[in-house]
Amino acid sequence: MTIRDEFEAATQAAIVECSKLGYRPTYFMDMINKAHPVEVAKKLVLSGAEQAGFQKLVKMGKADLTVESLMLQSKYCCLFSKQELEAAKWRLENT
């Protein structure tokens, strides 16, 4: 299993956890059905737009389930540029 595969599995596990909490991240799920979660994560953090799902998870006290949080895990950092990681960190720190 590659690190990209592991990141994809981690995003799927986060989706399962969200569902257990009563939240289905349908927009994110649609996005990863069309593109790999690594590319989706890159697009989301650099978009500058506020994502409702991100905000909902933060309000629920579950920022650890956000794609931004996954990106910043040491094992996945290698998949992202410095700019992408800084954007993910900024989002988590400024919500």
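Modeller: Helices are DSSP runs of H or I with at least four residues, and strands are runs of E with at least two, numbered from the N terminus. Thr11 belongs to helix α1, residues 3–20. This is a predicted model, in which local features need pLDDT of at least 70 and side-chain atom pairs count only at pLDDT 80 or more, while totals for chains, interfaces and linings use all residues. Residues are numbered from 1 along each chain as its sequence is written, and side-chain values use heavy atoms, with hydrogens and water left out.

Colleague: Is Thr11 buried or exposed?

Modeller: Buried means under 20% relative accessible area, exposed means over 50%, and partly exposed lies in between, with a 1.4 Å probe and protein chains only. Thr11 has a relative accessible area of 1%, so Thr11 is buried.

Colleague: Which residues does Thr11 touch, not counting those up to four places away in sequence?

Modeller: Contact means heavy atoms within 4.5 Å. On that basis Thr11 touches Phe28, Pro37 and Leu70.

Colleague: What does Ile3 touch, with the same sequence neighbours left out?

Modeller: Ile3, also in helix α1, touches Lys75, Tyr76, Cys78 and Leu79. Ile3 is partly exposed, at 27% relative accessibility. The C-alpha atoms of Ile3 and Ser47 are separated by 24 Å, and these residues are 44 apart along the chain.

Colleague: How many disulfides are found in the whole structure?

Modeller: A disulfide is a covalent bond between the sulfur atoms of two cysteines. The criterion is a pair of cysteine sulfur atoms within 2.5 Å. The search finds zero disulfides.

Colleague: Why is Cys78 not bonded to Cys77?

Modeller: The closest cysteine sulfur to that of Cys78 is in Cys77, and at 7.7 Å it is too far for a bond. Cys78 is exposed, at 60% relative accessibility, whereas Cys18 is buried, at 3%.
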